[in-house]
Amino acid sequence: MASIAIIGIGAVGSLLAYMAKKHKPTVIYRSEVYGEAIDCYGGIVIQVDQEDHVVEVEHYLTGKAPANNYDYVFIAVKVYDTAEAVKEALRIVKDNGVVILVQNGIGGLELAEKVIGENKPDVGVAGGVLTYGVLRERAGIARITGIGELIIGYKGRKADERLMKIKDILSGNIRVVDDIEPYRWLKLIVNAAINPVTALLNASNRVIIELEEAWSITKMVVEEALNVIEKLGIELPVEDVLGYVWEVAYKTADNISSMAQDIRSGRKTEIEYINGAIARIARENNIDAPVNTLLTLLVRGVEKWRGK
């Protein structure tokens with residue numbers, strides 16, 4: 001049986017725990033609220049097709065899980081919390097283990113590669129792209145809202161035996177690829193095209209396909225991102241990217257994007273690692289990305305001003 005730890009047990013972390021349920025995973029959190037909820041429910045509760053499934057887990061506050069103990073460590077925190085999560089992953093992963101970051105945006109995987117590579121060079125560091133729909137109801141309870149897949153791979157290199165084994169370790173739709181970058185960038189474009197527009201308009205994803213002004217912004221975001229991708233030489237896994245974005249918005253029309261949820265709840269967003277990342281990489285490559293820059297400034301402004 002594989003030893004699995006999951007850092008962060010929001011919506012994504014809870015889904016990962018459900019996928020790893022055969023191995024009684026360990027979950028790690030920063031707030032004791034989660035530990036109390038797990039003890040109350042007897043595990044993490046995942047709602048699937050209106051049925052509750054309780055996943056039995058070991059659980060620890062950050063810094064309390066046994067060191068050098070886990071074959072696989074999943075990081076499922078907001079990307080701006082990556083530094084602390086990587087520090088914990090470095091402490092608990094075995095010297096020949098694998099750390100997998102399942103996050104939105106660009107920046108978290110790169111930080112993990114650097115920190116872990118400098119300290120435990122034999123540890124594999126991979127990225128994960130999740131297309132399942134999952135919603136955190138409250139601490140210890142999450143609901144699957146749509147079936148997708150979890151795509152896992154190293155950045156720019158082929159999967160090794162350790163990574164290939166994940167298909168047998170986790171349940172659900174798991175795909176291991178030889179280079180995660182095309183899938184990370186496709187997910188980045190989808191998030192950049194939908195999330196800030198829905199957040200600023202305080203609307204569900206339906207606004208993207210039903211409001212002309214929203215769709216116009218979405219098209220400009222995608223165009224700028226494709227210019228960056230062409231410069232980087234990344235070949236995306238779909239040809240019609242704009243059509244793919246429309247399809248995602250259509251299929252998730254009633255969903256509230258994570259960024260819109262964050263704005264509504266007064267939480268920090270991941271805008272700097274989504275549209276902000278596109279704008280930054282565009283500048284580094286002398287490419288204009290005014291719409292992604294403007295959306296980043298607007299969302300950042302909302303974050304700062306709402307507390308005034």
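1. A cavity, in the sense used here, is a set of grid points where a 1.4 Å probe fits but cannot get out. Rolling a probe the size of a water molecule over the atoms shows where empty space is left. In this predicted model, the structure holds one cavity of 30 Å³ or more, and the volume of the largest cavity is about 100 Å³. The residues that line the largest cavity are Leu101, Gln103, Asn104, Gly105, Gly108, Leu109, Gly127, Gly128, Val129, Arg184 and Lys187. Two or more of the lining residues come from each of helix H4 (108–119), strand S8 (124–130) and helix H7 (181–201), and the largest share, three residues, is given by S8. By character, the lining of the largest cavity divides into three nonpolar, six polar and two charged residues.

2. The strand S8 also belongs to an open sheet of eight strands, whose order is S5-S2-S1-S6-S7-S8-S11-S12 and whose pairing is mixed. At the edges of this sheet stand S5 and strand S12 (174–176), and each has a single partner strand, so one side of each is left without a neighbour in the sheet. Neighbouring strands in this sheet are turned against each other by 25 degrees on average, with direction ignored.

3. Which strands does S2 pair with in this sheet? Strand S1 (residues 4–7) and S2 run parallel and are joined by three bridges, while S2 and strand S5 (residues 58–61) pair in the parallel sense over four bridges. Particular residues can be followed across these pairings: Ala5 stands opposite Thr26 in S2, and the bridge partner of Ile6 in S2 is Val27. Thr26 also has a bridge partner in S5, namely Glu58.

4. The strand S2 (residues 26–29) deserves a look from both of its faces. In a regular strand the side chains alternate between the two faces of the sheet. In S2 both faces are covered, with Thr26 and Ile28 on one side and Val27 and Tyr29 on the other, and all of these residues are buried. The chain reaches S2 from S1 by way of helix H1 (residues 11–19), and this β-α-β crossover is right-handed.

5. Is the helix in that crossover, H1, mostly covered or mostly open? H1 is mostly covered, for eight of its nine residues are buried. The buried residues in H1 are Ala11, Gly13, Ser14, Leu15, Leu16, Ala17, Tyr18 and Met19.

6. A further open sheet is made of four strands in the order S4-S3-S10-S9, again with mixed pairing. Its edge strands are strand S4 (51–55) and strand S9 (133–138), each of which pairs on one side only, and the twist from one strand to the next averages 25 degrees. Within this sheet, strand S3 (residues 44–48) and strand S10 (residues 141–146) run parallel and are joined by three bridges, and the bridge partner of Gln47 in S10 is Arg143.

7. One residue of the edge strand S9 can be described further. Arg138 is found in strand S9, and its relative accessible area is 48%, so that Arg138 counts as partly exposed, since exposed means over 50% and buried means under 20%. Arg138 and Ile92 lie 46 residues apart in sequence, and their C-alpha atoms are 27 Å apart in space.

8. Two residues should be checked for their backbone angles. Most residues other than glycine have a negative phi. Gln50, although it is not a glycine, has a positive phi of about 65 degrees, and its place is in the loop between S3 and S4. Asn286, which is likewise a residue other than glycine, has a positive phi near 55 degrees, and Asn286 is found in the loop between helix H12 (275–284) and helix H13 (290–305).

9. Are these two loop residues buried or exposed? Gln50 counts as exposed because its relative accessibility is 83%, and Asn286 is exposed with a relative accessible area of 75%; the cut-off that applies here is a relative accessible area over 50%.

Key: Residues numbered from 1 in each chain as written. Predicted model: local features only at pLDDT ≥ 70, side-chain atom pairs only at ≥ 80, totals over all residues. Heavy atoms only, no water. Buried < 20%, exposed > 50% of the residue type's maximum accessible area, 1.4 Å probe, protein only. Pairing = 2+ DSSP bridges. Right-handed = clockwise from strand over helix to strand, strands pointing away. Axes fitted to C-alpha atoms, helices over the stretch in contact; angles between N-to-C directions. 1 Å grid on protein atoms, 1.4 Å probe; cavity = no way out; pocket = protein on both sides within 12 Å on 5 of 7 lines; lining within 4 Å. Points joined across faces, edges and corners; volume = space filled by probe spheres on them. Nonpolar A, V, L, I, M, F, W, Y, C, P; charged D, E, K, R; others polar.
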